[in-house]
Amino acid sequence: MLKRLHAHFVKKAPEILRLPAAITPFPLRKQLLQQLLNWQFRHALAEGELDFLNGRRLGIGIADLNLQWITTLEDGRLAVLQQSEADVWFRGNANDLLLVAARKADPDMLFFQRRLVIEGDTELGLEVKNVMDAIEPEAMPAALRTAIQQMAAFVEAGMKQDAKAVQARAGAAC
């Protein structure tokens, strides 16, 4: 029973989080995202690994949360914009993007399964992906790494349980 509840919660969590995300004013989301991104990528920023984003716009879309934003490099820091035009878009669902961030899902596999969509300037998208791949999880701030890993483990277990339940139902006689 608890396993089914766990799987149900993982499946429905984005739907539950959609309303709070929608009513949070953009300036507050912007401030939170900028602090989080600059904290996460502080070493890459210091080493100039994200300089290719200067004057370029990277769009991030989380479809099931109905969230999207643009990230660019301004004055050596990552900035979040609300504009709708981006050079490249990375789009996916919250659970899949969380698993990618925690390195529990391969972005290439999700791309080929059409669960991760990359649209626009594919060369820029590849540069972003390469920087992301090069960052070792140990380089992440410990609190952020721990939070992402724990949430991803919870989501991964719930998704596996849901997949088992679907397989069991598929094998049942009509």
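**Reading burial and contact around Thr-72**

Tutor: In this predicted model, Thr-72, leaving aside its neighbours within four places in sequence, is in contact with Leu-53, Gly-55, Arg-56, Arg-57, Arg-77, Leu-78, Ala-79 and Leu-81.

Student: Why does Thr-72 count as buried?

Tutor: Thr-72, which lies in strand E2, has a relative accessibility of 1%, and since buried means under 20% relative accessible area, Thr-72 counts as buried.

Student: What makes the pair formed by the backbone oxygen of Leu-53 and the side chain of Thr-72 a polar contact?

Tutor: The backbone oxygen of Leu-53 lies 3.3 Å from a polar atom of the Thr-72 side chain; a polar contact requires N or O atoms within 3.5 Å, with one able to donate a hydrogen and the other to accept it, and the distance of 3.3 Å satisfies that cut-off.

Student: Which residues touch the most other members of the largest nonpolar core?

Tutor: Among the 26 residues of that core, they are Phe-41, Leu-50, Phe-52, Leu-53, Leu-58, Trp-69 and Leu-78. The elements giving two or more residues to this core include strand E2 (67-74), strand E3 (77-81) and helix H6 (122-134). Not counting residues up to four places away in sequence, Phe-52 touches Leu-124, Glu-127, Val-128 and Val-131.

Student: Why is Phe-154 called partly exposed?

Tutor: Phe-154, in helix H7 (residues 142-170), has 38% relative accessibility, and because partly exposed covers what lies between the 20% and 50% limits, Phe-154 counts as partly exposed. Together with Phe-9 and Ile-16, Phe-154 makes a nonpolar surface patch of about 290 Å².

Terms used. Residues numbered from 1 in each chain as written. Predicted model: local features only at pLDDT ≥ 70, side-chain atom pairs only at ≥ 80, totals over all residues. Heavy atoms only, no water. Patch = residues over 30% accessible without salt bridge, like charges linked within 9 Å, V, L, I, M, F, W, Y side chains within 5 Å. Areas by Shrake-Rupley, 256 points an atom, 1.4 Å probe, with all protein chains shown as cover. Salt bridge = Lys/Arg side-chain N within 4 Å of Asp/Glu carboxyl O. Helix = DSSP H or I, 4+ residues; strand = E, 2+ residues; numbered from the N terminus. Buried < 20%, exposed > 50% of the residue type's maximum accessible area, 1.4 Å probe, protein only. Core = buried A, V, L, I, M, F, W, Y, C linked by side-chain atoms within 4.5 Å. Contact = heavy atoms within 4.5 Å.
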